[in-house]
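Trainee: Could you take me through one part of this model up close? I'd like to look at the nonpolar core and how it sits in the rest of the chain.

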Amino acid sequence: MISNLTEFYIPTKMKIGVGSSEQTGELIKEYGLKKLLIVTDQGVINAHLMDGIEKSLKESNIDYLVFDEVEPNPSSEIALKGVQFLKQHECDGLLAIGGGSSIDTAKGIAVLATNEGDILDYEGFGKIKNPALPLVVIPTTAGTGSEATPSTVFTNKKTSFKTAILSPHLYPKLAILDPLLTINLPPSITAATGMDALTHAIESYISKFANPVSQALGIHAIKLIGENLSNAYFVGTNVKAREEMLVASMIAGIAFAHAKLGNVHAISHTFSGIFNIPHGIANAALLPFVMKYNLPAAPGQMKEIAVALGKDVTGLTTIAAGEKAIEAVVEMNKAFDIPNNIKDLGVTLDLLPKMVEDSMRSGNVKANPRLTKAADIKQIIENAYYGI
Ligand SMILES: [Fe+2]
């Protein structure tokens, strides 16, 4: 594995702790920003998650405007709209408050503030020329990991393709992880986002591009999620579980930023692009089927995952122990009321050729531990549809 350790880079400063968001103004002061564009959505405002943050910004004399039009699975149009607003009001930095959609939207706006054109022009790795405007992020869900990654995803509305953009310019300057902002998340969103984080951790752990550092982070994230997601789901106000989930989500983000993901994300992006299914739910339902496909290619790592998820593998063969990891994920889905097939999510097979084609276009297929061709993707989707 050591030969794959070519680089490890994480420039984002992390501030973690209960009540940390109330220090936002003070923390941002060191970047010398005068006027922020807050990028968020109506849900965050209605849940009063911004109250303490706004108070803190006012106390530090930091001016701000609010752009609250973030939508789930953000389209490229929203980045254009946001950057127009930002330029009109001459903001010199951004503050994203919300889930992955808010953070990803803010990343797109920050890029377009200093680079020409449409965000979709920058599909792929390393196309962004100029540094983006400084971005501070405060996640209000524990799942996306976007606070710790150099990537963002926008949907091309014309083709329904979820376009990934990767660049070191997309790393936020600062991420503030405050569990108090997540204690009122409904169980369904807690589960969807938590299972997204688990998918990041598992896919990056068995990725072909994994390195010792990303794997250390990935397996620890799996362990933290195994120990805490259920508590966060059933007892939302458990602050310790919420904090551990925020940490798990963040470190899983760092892991996949270095190791990439795999077939789950390659396929699930097509579901949310075409059927608008929440990203985490699509991942959770697909995960057992992709793990089953990958088991022969990564039995030892799958055994480690089973152990991290609390399974007893004493006396089992490596393959049988690896199967326990799949069993653990199936049990988690069941506990969180997530279907263990994709039919019940509203996926239909009439667009199967497009789903296969779009999945193969994802860079994540190349990271998947077991060599994957179009026919394999088709088979995985069919298995997941029929629940085989
Ligand atoms: Fe994800």
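Mentor: Happy to. Start with the whole chain, bearing in mind that this is a predicted model. For 388 residues, a compact globule would have a radius of gyration near 21 Å, and the chain comes out at 20 Å, so the two agree. The C-alpha trace spans about 60 × 45 × 40 Å along its principal axes, and buried residues make up 55% of the chain. In terms of secondary structure, you have 15 helices and nine strands.

Now the core itself. The largest nonpolar core has 127 residues, and Leu 94, Ala 221 and Ile 222 are the ones with the most contacts inside it. Helix α8 (residues 239-259) gives this core its largest share, twelve residues. The core also draws at least three residues from each of domain 1 (2-181) and domain 2 (187-386).

Zoom in on Ile 222. Setting aside neighbours within four places in sequence, Ile 222 is in contact with Leu 198, Ala 201, Ile 202 and Tyr 205, and also with Ile 305, Ala 308 and Leu 309. For the chain as a whole, take the contacts between residues at least 6 apart in sequence: 79% of them join residues at least 24 apart.

Then there's the place where the domains meet. Their C-alpha centres lie 25 Å apart, and 29 residues of domain 1 are in contact with 34 residues of domain 2. On the domain 1 side, β1 (13-16), β8 (161-166) and β9 (174-177) each give two or more residues, with β8 providing the largest share, three residues. By class, that side has 16 nonpolar, eleven polar and two charged residues.

Notes
Residues numbered from 1 in each chain as written. Predicted model: local features only at pLDDT ≥ 70, side-chain atom pairs only at ≥ 80, totals over all residues. Core = buried A, V, L, I, M, F, W, Y, C linked by C-beta atoms within 7 Å. Buried ≥ 20, exposed ≤ 12 C-beta atoms within 10 Å, placed from the backbone. Helix = DSSP H or I, 4+ residues; strand = E, 2+ residues; numbered from the N terminus. Domains from an automatic or database assignment. Contact = placed C-beta atoms within 7 Å. Rg over C-alpha atoms; globule rule 2.2 N^0.38 Å. Nonpolar A, V, L, I, M, F, W, Y, C, P; charged D, E, K, R; others polar.
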